[in-house]
Structures are given as C-alpha cells and as structure tokens.
Amino acid sequence: MAALTRLYKWAVDTENMVANPIAMHSVVGYHGTVTQAPEARAKEAKSSDVHWLTPRMFRLWVGVGLRGYTADRLPSPQWRGRLETRNVAFANLLFSSGMRLTEGASLLTFEVPRLRLNGGRYYTGRLARQVAKSKRARTFYVAAPVVGEIESYIESLRATAIRRAQAKGRYDGLDEIRLVTRVTGRRKRVLHWVDRDGVVGETALNDATVEDRMTFYTEGPAGPEPLWLWLNEQGLPFQPMSWEAVFYNASQRCEDVLGPVMAEPPFCTPHMCRHSFALYMLVVLHHVMDVRMGLTPEERRDFRLLYGDPWRMVQDLLGHQDIELTRKIYLAPVSDLQIRALLAGPAPREEGGGLEVADVRVTSLLARIAEESESIQDVDSLLETA
C-alpha cells in the first residue's frame, strides 16, 4: 500500500505528464486516409501481421469461438463441438506459454508438466532444440489451469480417440512406427525404440524432428498409442498446420455470433497468442517490479542487475536471440510505453487483496494500453458492463 501511495503522489506531482503513454505518429494509409500508428513499430513489421488480444478478449474468443457460447456468454444447446476439449487446451497453451505454433503442436505427452499437490500457479517444461525455431532448447511456463485442461484432454477425448483407433486397427496398418521402449536421462533425454522390422535404435529428444515425433508410439494396455500429444478424431497425429483452420473457424464463429453486438468481434491466430503473451508478460513484469515490490529507483537498478530487465525476461520466454526483435515487432505498441505513468494512476477499487487485486490492476493497465493502439483487441467497455 505504501508503494501505491508513493506512486500516486508522484502522479499528482507530474500533472503535465503526456496523456498518451505510447509515442504515435501520423501515417498515410492505402486509400490516402491519415491514421495514427505507434512510433516504434518496426518498418519490416506489417500492421496486418502483428496483432494482440488482452486476456479478457482472448477468453471471449475462446468462449464463443471454441466453446460455442452465445453472445450472452452462455453455453448454446445447439453447439456440437466434438473437439472442444482439445482445441481449448491447445489455444490456452499457446496463450499461456508464448510458444510458436509448431513448438506447441509438436509436444509429446511426457513433455507436458503434470499437476502436483501445492504445485503453484505456473509449471515448467522443456522445449527440445530441434522443435524450437531458434534451434536452442529452452524452458517454457504454463499456467496451472492450462496444465489441468491438457490432462483432462489426455484422459478423456484423447483416450477415446486412441481406443477407437486401436479397435479399427489403424495403428497396425502404419508403415512407419517406432515403439519407444524406454526414455533415459533427465535434462538430455534419449528415446530407445524398436521399429516394425525389429530394428533397435535410439534418438536424442533434442534431435528428434517434427516428422520423427509423429512416428513415436508407446505400448499401452490395449496396444500401441501415439506419444504425439494432439490427435485428430481418427487417433492419429494432428498436423501442426491444421491448427490454422481451427483458429480461422473459431474467428468466423465470433464474427457471426458477436457481429450484431460488437463493433469489432475478436479474431485470433496461433501466432497472435504468442504476441499477446509477450504483451501481457511485459506489463506483469513491470507491475511486479514497480508496484507489488515497491522498489525505489536504486532498488530497481539492483533488481535488474540480479534478475534482468523485463524486456530481456520476455525475450528469454519467447526464445528470441535478438532483443530488438522482441522490442520492435512483437511489442511494438508498447516499446515506448511510459510504464511508470500508467502505474501511477489510481488503482481500481476492489475488495480484498493479494493476487486478485494484482490481476485487476494488470487488466486495467492493459485496457488503457489497448485504448491507445488499433492493433490490440480488448472487450468493449459497454459490452463488458452490460
């Protein structure tokens, strides 16, 4: 509370502070109209390629587009989403972790962290080198509720698809299948396998390509089962690029259902989940540093020396080799953000305390940022309060 008081006093003492927290400039559009764009937007980043959603806008997109909710955000009795459990878990995984489409789509079952008692709000996993675009292994973080969604998918929809495939003999007819007999190592895992011809081999997990991963199976109670996490209705590996159609169809449903009640219904692509994760994490990390920890300028300098700047933290989470890519392309709307100016505003009035108030605070900050950028999708205030 003392930190908030100090920040509020600082805001009162700086009445002449610029209202817009993002540096903007005028640009001439395709049809000759003049619009405002973020000053720091990278020249090589097309506005149509980079978009963001706030968490609440993303939840609306998931609810209507993937869960089949109505415009009133209620379950629809006409909805027949056979793959809802899988699709929601995957979308939330990308939004929660910041992984690229192929990275998240190529996971094997044992690469997903498992829920455990007193496990905390986030779980960590390890992304293999060969799957990562940078060809560098890295740690990824997933929110506990998302881990629970993935486990529910594994135990329900995925298990059903596997049982049906086994009953129809689909796995027996596959030409290329490598039955993994054991996995050794912890940090550097090695898969030991045997193929249809009885040939024994081993593959380092870090060196397994996307194509290799689709051929890995394990012996289950009723026969071979894919180690590939995301399966289609036939119980076979769901191709990474097929997710694009899932996201497109969900966005189309949002347009159809929410078009009559929203000026701009949400739309989302797999890579927009990554953009949005980066924006959210930047705001959260600044929030932790400047408010929840109540750091003075000197303490903030020491914090950065010990743990790194929030920009660099987000760079590591995204797996970027160049921090300028993080700044210029993925976080263009806030690369010139005067975060202290935003944090100095009065906090939203909420009962209670702790994480709930912090989450409301971050939501408020993101809403204010979204007001200043055409590329950030947020729930319309009238719709939110209706």
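Which residue stands opposite T203 in β8? In this predicted model, the partner is L191. The two strands concerned, β7 (residues 190–195) and β8, pair in the antiparallel sense over five bridges.

This pairing belongs to a wider arrangement. An open sheet of five strands runs in the order β8-β7-β6-β9-β10, and its pairing is mixed. Strands β8 (200–204) and β10 (223–226) lie at the edges with a single partner strand each, so one side of each has no neighbour in the sheet. From one strand to the next, the twist averages 45°. As a reminder, strands of a sheet pair through backbone hydrogen bonds, either parallel or antiparallel.

Turning to the helices, α3 covers residues 84–97. Its 14 residues should span 20 Å at 1.5 Å a residue, and the end C-alpha atoms are indeed 20 Å apart, so expectation and model agree. Twelve of the 14 residues are buried, which means that α3 is largely enclosed by the rest of the structure. Among the buried residues of α3 are R86, N87, F90, L93, L94 and F95. Just after α3, G98 takes a positive phi of about 80°.

Helix α5 (residues 144–167) can be checked in a similar way. At 1.5 Å a residue, its 24 residues should span 34 Å, and the end C-alpha atoms are 34 Å apart, which agrees. Along its course, α5 bends by about 40° at R158. Just after α5 comes another glycine to look at: G169 takes a positive phi of about 70°.

How values were computed. Residues are numbered from 1 along each chain as its sequence is written. This is a predicted model: local features need pLDDT of at least 70, side-chain atom pairs count only at pLDDT 80 or more; totals for chains, interfaces and linings use all residues. Side-chain values use heavy atoms; hydrogens and water are left out. Helices (H or I, at least four residues) and strands (E, at least two) are DSSP runs, numbered from the N terminus. The expected span of a helix is 1.5 Å times one less than its number of residues. The bend at a residue is the angle between axes fitted to the seven residues ending there and the seven starting there. Two strands pair if DSSP finds at least two bridges between them. Axes are lines fitted to C-alpha atoms, for helices over the stretch in contact, and angles run from 0 to 180 degrees between N-to-C directions. Buried means under 20% relative accessible area, exposed over 50%, partly exposed in between (1.4 Å probe, protein chains only).
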